[in-house]
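Q: I am new to this structure and would like to learn how to read its features. Could we begin with a single residue and work outward from there?

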Amino acid sequence: MQRKDSVLNKKYESTEQKIFRVAYPPVLYYLIMMATQVAVGFVVVFLAAKKMSTANATDSANFFQAMIEVVNRYVVFCNIVSACIGILVFVCIYRYDIKRKERMSLKEELKNIRTENVMMCYCIGITLCTGISLFLSLLPLDGVLGSYEKVSSQLMNGSFIWLFVGLGILVPIAEELLYRGVVYLRLREYVGVTKAIVISAAVFGLFHFNLLQSTYAFLIGILLAMAVEKFGSIMASIVMHMAVNQLSVILTVTGINK
């Protein structure tokens with residue numbers, strides 16, 4: 001009866017319902033990030049304002065600039081908090097989809113990939129990061145619809161350990177649960193594998209901050225979804241995404257990527 005109800009629910013979902021089911025998870029993650037930045041920023045600015053008031057700040061312009069600099073110092077911390085909240089939220093959504101579609105459990109899916117394939121995915125991720133970065137560096141994309149250098153300097157403003165843990169581990173887990181675990185698999189249910197790969201990658205690219213990053217994320221997103229299909233586990237895309245981000249952090253911190 002449960003299987004029959006699931007089929008009926010899928011059959012009678014309206015187009016608007018399908019669009020909503022695909023669109024709201026990325027928007028939710030964006031709102032989580034915004035709320036985290038506002039909450040952390042409010043606390044940091046409040047504490048910094050008390051210090052600056054006792055130090056007799058000269059004028060409002062300098063005061064405002066100082067506040068921006070203080071908030072920018074905590075971008076990595078905000079990303080870590082947002083990723084942790086995102087992981088909790090999207091694990092719940094992912095598990096709901098598993099129950100609804102009668103797929104294997106998340107624990108079983110994470111185990112549904114051999115160790116050698118995990119290592120292969122990590123190596124593929126490093127190769128993708130290097131190859132796509134070199135390719136995009138030849139295209140005049142930076143500065144169009146935002147500056148990659150400016151965004152990168154904000155995201156990479158922190159110690160190596162915090163960057164590696166946040167951008168190299170937690171963010172990939174959160175984003176893969178969201179974009180491949182929820183968005184892609186829901187799209188695959190509605191439009192098939194090929195279209196789902198392209199559309200989910202486009203959504204992944206759309207939620208970045210400039211044309212260069214969006215193009216990079218789109219190309220990476222296609223390959224991450226293909227990895228899920230190839231290895232039959234979201235663990236494949238998580239490992240590949242970790243490799244991509246970890247290499248980016250290492251190259252940036254060491255100055256090689258400048």
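A: We may begin with Ile161, which is exposed, since its relative accessible area is 58% and exposed means over 50%. Please keep in mind that this is a predicted model.

Q: Where is the place of Ile161?

A: Ile161 is in helix 8.

Q: Which residues make the nonpolar surface patch?

A: Phe160, Ile161, Val165, Ile250 and Val253 make a nonpolar surface patch of about 400 Å². Helix 8, residues 160-191, and helix 11 each supply at least two residues of this patch. Helix 8 gives the most, with 3 residues.

Q: How many helices and strands does the protein have?

A: There are 11 helices and 0 strands. Of the 258 residues of the protein, 41% count as buried. The protein exposes about 14300 Å², and carbon and sulfur atoms supply 68% of that area. Among contacts between residues at least 6 apart in sequence, 78% join residues at least 24 apart.

Q: How should one read an individual helix, for instance helix 11?

A: One may look at its span, its ends and its burial. Helix 11 comprises residues 234-254, 21 residues in total, and reaches 30 Å from its first C-alpha to its last, close to the 30 Å expected at 1.5 Å a residue. At its start, a side-chain oxygen of Ser233 reaches to within 3.1 Å of the backbone nitrogen of Met235. After the helix comes Gly255, with a positive phi near 90 degrees.

Q: Why is helix 11 described as largely enclosed by the rest of the structure?

A: Helix 11 is described in this way because 16 of its 21 residues are buried.

Q: Which residues of helix 6 are buried, and against which helices do they pack?

A: The buried residues in helix 6 include Asn117, Cys121, Gly125 and Leu128, and also Cys129, Ile132 and Leu136. The buried residues of helix 6 pack against helix 10 (211-231) and helix 11. Helix 6 itself, residues 115-137, has 23 residues and reaches 33 Å from its first C-alpha to its last, close to the 33 Å expected at 1.5 Å a residue.

Q: What is the general idea behind a salt bridge?

A: Side chains of opposite charge can pair when their charged atoms come close. In this structure the count comes to 8 salt bridges. One of them joins Arg100 and Glu13, whose closest N and O atoms are 2.8 Å apart. This pair links distant parts of the chain: Arg100 lies in helix 4 (residues 75-101), whereas Glu13 lies in the loop between helix 1 (2-11) and helix 2 (15-54), 87 residues apart.

Q: Are Arg100 and Glu13 buried or exposed?

A: Arg100 counts as buried at 15% relative accessibility, and Glu13 counts as buried at 13%.

Q: What other salt bridge involves helix 4?

A: Asp97 forms a salt bridge with Arg186, the closest N and O atoms being 2.8 Å apart. Asp97 lies in helix 4 and Arg186 in helix 8, so the pair ties together parts that are 89 residues apart in sequence. Asp97 is buried at 1% relative accessibility, and Arg186 is buried with a relative accessible area of 1%.

Q: Where do Arg180 and Glu176 lie?

A: Both lie in helix 8, 4 residues apart, about one turn of the helix. Salt bridges that share partners join Glu13, Arg21, Asp97, Arg100, Arg186 and Glu189 into one network. As for Arg180 and Glu176, they form a salt bridge with closest N and O atoms 2.7 Å apart.

Definitions and conventions: Residues are numbered from 1 along each chain as its sequence is written. This is a predicted model: local features need pLDDT of at least 70, side-chain atom pairs count only at pLDDT 80 or more; totals for chains, interfaces and linings use all residues. Side-chain values use heavy atoms; hydrogens and water are left out. The expected span of a helix is 1.5 Å times one less than its number of residues. Buried means under 20% relative accessible area, exposed over 50%, partly exposed in between (1.4 Å probe, protein chains only). A polar contact is a pair of N or O atoms within 3.5 Å; within protein, one must be able to donate a hydrogen and the other to accept it, and residues adjacent in sequence count only if both atoms are side-chain atoms. Patches are made of residues with over 30% relative accessible area and no salt bridge: like charges are joined within 9 Å, nonpolar side chains (Val, Leu, Ile, Met, Phe, Trp, Tyr) within 5 Å. Accessible areas come from the Shrake-Rupley method with a 1.4 Å probe; for residues, only the protein chains shown count as cover. A salt bridge is a side-chain nitrogen of Lys or Arg within 4 Å of a carboxyl oxygen of Asp or Glu. Contact means heavy atoms within 4.5 Å.
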